[in-house]
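Please work through the exercises below with the sequence and the model open side by side. Each task is followed by a solution in steps.

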Amino acid sequence: MNKISIAHIINPFTVNEDSDLFVAQPVTFETMRAAKEAAAKDVEVELFAAFFPEDEKIVSAYFTKTTPLKRSILNIGKFKSKRKLPLLKDILDRLYEKSDADYFIYTNVDIALTPGFYTEIEKIIAKGVDGFVINRRTISNTYTRVEDIPKMIAEAKKGDKHPGYD
């Protein structure tokens, strides 16, 4: 039986040290790398990053870079907040251009994965499910370093289920 292939994309961006994402992004990068490694015998996983040119420097070396993003919501309308947020379509278009994987995944850069993430995805797909949402669990902000990932995973097992759809 052939392994399924998954292409997983995120949109990393530069943040100040006082941002929660300053802690979250490196954790997300490392957990994606570790989950890919853990699934290697069962699932073919490619990791991708879609980013604005000014954010390229924070893209981790184990991500394949897509063509830099050009548009943001600021090109589409006027908003109270002038944040340069990418369009999901543009992120997914870049993934489609770079990968011929069987399945695509998009997550925010503050979503850390458990080591068994991709193998669990493969099990869901094997049941015939074509598209689905996997909700996150909320944990405390006690842990702030990549070295704390095992403690984060242990806490996530009992953490609060998130009420929305991330």
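The exercises treat a helix contact, a buried helix face, two pockets and two exposed residues in a predicted model.

**Exercise 1. Helix 1 against helix 3**

Determine how helix 1 and helix 3 are oriented to each other, and which residues form their contact.

*Solution.*
- Step 1. Locate the two elements: helix 1 covers residues 20–39 and helix 3 covers residues 117–126.
- Step 2. Compare their axes, which lie 7 Å apart and meet at an angle of about 60°.
- Step 3. Classify the angle. Roughly perpendicular pairs have angles of 65 to 115 degrees and roughly parallel pairs have angles under 35 degrees; helix 1 is therefore oblique to helix 3.
- Step 4. List the contacting residues. Helix 1 contributes Met 32, Ala 35, Lys 36 and Ala 39, while helix 3 contributes Phe 117, Tyr 118 and Thr 119.
- Step 5. Sort them by class: five are nonpolar, one is polar and one is charged.

**Exercise 2. The buried residues of helix 3**

Identify the buried residues of helix 3 and the elements against which they pack.

*Solution.*
- Step 1. The buried residues in helix 3 are Phe 117, Tyr 118, Thr 119, Ile 121, Glu 122 and Ile 125.
- Step 2. Consider their spacing in the light of a general rule: an α-helix has 3.6 residues a turn, so residues three or four places apart point the same way.
- Step 3. Find the partners. The buried residues of helix 3 pack against helix 1 and strand 4, and also against strand 1 (4–10) and strand 2 (43–49).
- Step 4. Take Thr 119 as a single case. Its relative accessibility is 16%, and buried means under 20%, so Thr 119 counts as buried.
- Step 5. Leaving aside residues up to four places away in sequence, Thr 119 touches Ala 39, Asp 42 and Val 43.
- Step 6. Look past the end of the helix: Gly 128 follows helix 3 and has a positive phi, near 100°.

**Exercise 3. Two pockets**

Describe the volume and lining of the largest pocket, then those of the second largest pocket.

*Solution.*
- Step 1. The largest pocket holds about 1400 Å³ of space. Its lining has 44 residues, and those closest to the centre are Asp 110, Ile 111, Ala 112, Arg 136 and Arg 137.
- Step 2. Assign the lining to elements. Two or more residues come from each of helix 1, strand 4 (103–106), helix 3, strand 5 (137–138) and helix 4 (149–156). Helix 1 gives the largest share, seven residues.
- Step 3. By class, this lining has 24 nonpolar, 12 polar and eight charged residues.
- Step 4. The second largest pocket holds about 370 Å³. It is lined by 16 residues, with Asn 11, Phe 13, Arg 83, Leu 85 and Pro 86 closest to its centre.
- Step 5. The lining of the second largest pocket divides into eight nonpolar, three polar and five charged residues.

**Exercise 4. Two residues to classify**

Are Asn 141 and Glu 97 buried or exposed, and where do they lie?

*Solution.*
- Step 1. Asn 141 is found in the loop between strand 5 and helix 4, whereas Glu 97 lies in helix 2 (residues 88–98).
- Step 2. Exposed means over 50% relative accessible area. Asn 141 has 70% and is therefore exposed; Glu 97 has 57% and is therefore exposed.
- Step 3. Set sequence against space, C-alpha to C-alpha. Asn 141 and Ala 126 are 15 residues apart in sequence and 35 Å apart in space. Glu 97 and Phe 52 are 45 residues apart in sequence and 17 Å apart in space.

Notes: Residues are numbered from 1 along each chain as its sequence is written. This is a predicted model: local features need pLDDT of at least 70, side-chain atom pairs count only at pLDDT 80 or more; totals for chains, interfaces and linings use all residues. Side-chain values use heavy atoms; hydrogens and water are left out. Axes are lines fitted to C-alpha atoms, for helices over the stretch in contact, and angles run from 0 to 180 degrees between N-to-C directions. Helices (H or I, at least four residues) and strands (E, at least two) are DSSP runs, numbered from the N terminus. Angles under 35 degrees count as roughly parallel, over 145 as roughly antiparallel, 65 to 115 as roughly perpendicular and the rest as oblique. Contact means heavy atoms within 4.5 Å. Ala, Val, Leu, Ile, Met, Phe, Trp, Tyr, Cys and Pro count as nonpolar, Asp, Glu, Lys and Arg as charged, and the others, Gly among them, as polar. On a 1 Å grid over the protein atoms alone, a cavity is a set of points where a 1.4 Å probe fits but cannot get out, and a pocket is an open set with protein on both sides within 12 Å along at least five of seven lines; lining residues have an atom within 4 Å of a point. Grid points are joined across faces, edges and corners, and a volume is the space filled by probe spheres set on the points. Buried means under 20% relative accessible area, exposed over 50%, partly exposed in between (1.4 Å probe, protein chains only).
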